[in-house]
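This report goes through a single protein chain, beginning with one residue and then widening the view to the fold, its cores and its charged pairs. Please keep the sequence and the structure at hand while reading.

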Amino acid sequence: MPVVAIPGDAPAVVAVGDAGQSETTTSSRPRPLVWETDETRARARAAREGLPLLVFLSADWSAASIAMAREVWSDPRILLQRTPIVALRLDLSADTPDTELRFAHYGLRTLPTTIVFDAQGHEAARLSGLCTVEEVLAAIGRAAADP
């Protein structure tokens with residue numbers, strides 16, 4: 001089975017599988033984590049599909065944000081975890097009014113912050129600063145288990 005890394009502005013996305021397979025033959029397999037960058041679209045998709053929403057708020061000047069990209073978001077246990085989720089990455093690097101609004105809206109005290117909402121849009125977990133793969137997986141699990 002080929003493994004393909006697709007680099008971009010966000011952490012790399014890893015896709016695993018045979019190019020000729022149809023969606024129906026791979027539906028029981030884990031889907032790679034793909035980052036959305038449009039908050040409105042990500043929230044609408046999570047609501048429409050009844051999925052938990054993972055929001056990663058970071059900045060390119062934050063050493064912990066960079067470490068999360070390298071050590072957590074690129075880890076195969078995260079990329080290929082089995083719980084279907086919508087993943088949203090918000091870059092708060094720029095000092096703009098939008099950045100200030102997001103800090104206030106999400107109640108941020110530090111970057112990075114990872115917030116996981118359940119399918120109903122309620123906050124299920126909040127991880128401040130550098131966290132581990134295990135902590136992220138546990139947060140996703142709590143969001144998926146919330147009624």
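Is T114 buried or exposed?

## A residue in strand β6

In this predicted model, T114 is buried, with a relative accessible area of 1%, a value that falls under the 20% cut-off for buried residues. T114 has its place in strand β6, which covers residues 113-117. When residues up to four places away in sequence are not counted, T114 touches L54, V55, F56, M68, W73, A125, R126, L127 and C131.

One of these partners, M68, belongs to the buried residues of helix α3 (residues 63-71), which are S65, A67, M68 and A69. The buried residues of α3 pack against β4 and also against β6, the strand in which T114 lies.

## Overall fold and confidence

The chain has six helices and seven strands, and from the N terminus on its elements follow the order β-β-α-β-α-β-α-α-β-α-β-β-α. Of the 147 residues in the chain, 39% are buried. Among the contacts with a separation of 6 or more, 65% are between residues 24 or more positions apart. The chain exposes about 8300 Å², and carbon and sulfur atoms supply 54% of this area.

The average pLDDT of the chain is 83, and 77% of the residues score at least 70. Over residues 1-28, however, the pLDDT is below 50, although this stretch has 35 contacts in the model beyond near neighbours in sequence. Where pLDDT is low, the predicted coordinates should not be read in detail.

## Strand pairing around β5

How many of the six residues of strand β5 are buried? Five of them are, so this strand, which spans residues 86-91, is largely enclosed by the rest of the structure.

Strand β3 (residues 35-36) runs parallel to β5 and is joined to it by two bridges, with W35 standing opposite A87 of β5. Strands β4 and β5 also pair in the parallel sense, in this case over six bridges, and the bridge partner of F56 in β5 is R89.

## Two nonpolar cores

In soluble globular proteins, nonpolar side chains tend to be buried together. The largest nonpolar core in this model has 20 residues, and those with the most contacts inside it are L33, W35, L54, V72, W73, I78 and V136. At least two residues of this core come from each of β4 (53-58), α4 (76-79), β7 (123-128) and α6 (133-145), and α6 gives the most, with five residues.

A second core, separate from the largest one, has 16 residues and includes A46, L53, V86 and L108. Returning to the largest core, I78 is among its residues with the most contacts; leaving aside residues up to four places away in sequence, I78 touches L33, V72, W73, V133, V136 and L137.

## Salt bridges

The structure holds nine salt bridges. In one of them, the side chains of E39 and R43 meet at 3.4 Å, N to O. Because E39 and R43 are four residues apart in helix α2 (residues 39-49), they are separated by about one helical turn. An α-helix has 3.6 residues a turn, so residues three or four places apart point the same way. The two partners differ in their exposure: E39 counts as buried at 16% relative accessibility, whereas R43 is partly exposed, with a relative accessible area of 30%.

Which residues are linked with E36 in a network of salt bridges? The network consists of E36, R41, R45, R48 and E49. Within this network, the side chains of E36 and R45 meet in a salt bridge at 3.2 Å, N to O, and E36 counts as buried, at 14% relative accessibility. E49 forms a salt bridge with R48, and the closest N and O atoms of this pair are 4.0 Å apart. Here E49 is partly exposed, with a relative accessible area of 38%, while R48 counts as exposed at 62% relative accessibility.

Methods: Residues are numbered from 1 along each chain as its sequence is written. This is a predicted model: local features need pLDDT of at least 70, side-chain atom pairs count only at pLDDT 80 or more; totals for chains, interfaces and linings use all residues. Side-chain values use heavy atoms; hydrogens and water are left out. Buried means under 20% relative accessible area, exposed over 50%, partly exposed in between (1.4 Å probe, protein chains only). Contact means heavy atoms within 4.5 Å. Accessible areas come from the Shrake-Rupley method with a 1.4 Å probe; for residues, only the protein chains shown count as cover. A nonpolar core is a set of buried Ala, Val, Leu, Ile, Met, Phe, Trp, Tyr and Cys residues joined through side-chain atoms within 4.5 Å. Two strands pair if DSSP finds at least two bridges between them. pLDDT is the predictor's confidence in each residue, from 0 to 100.
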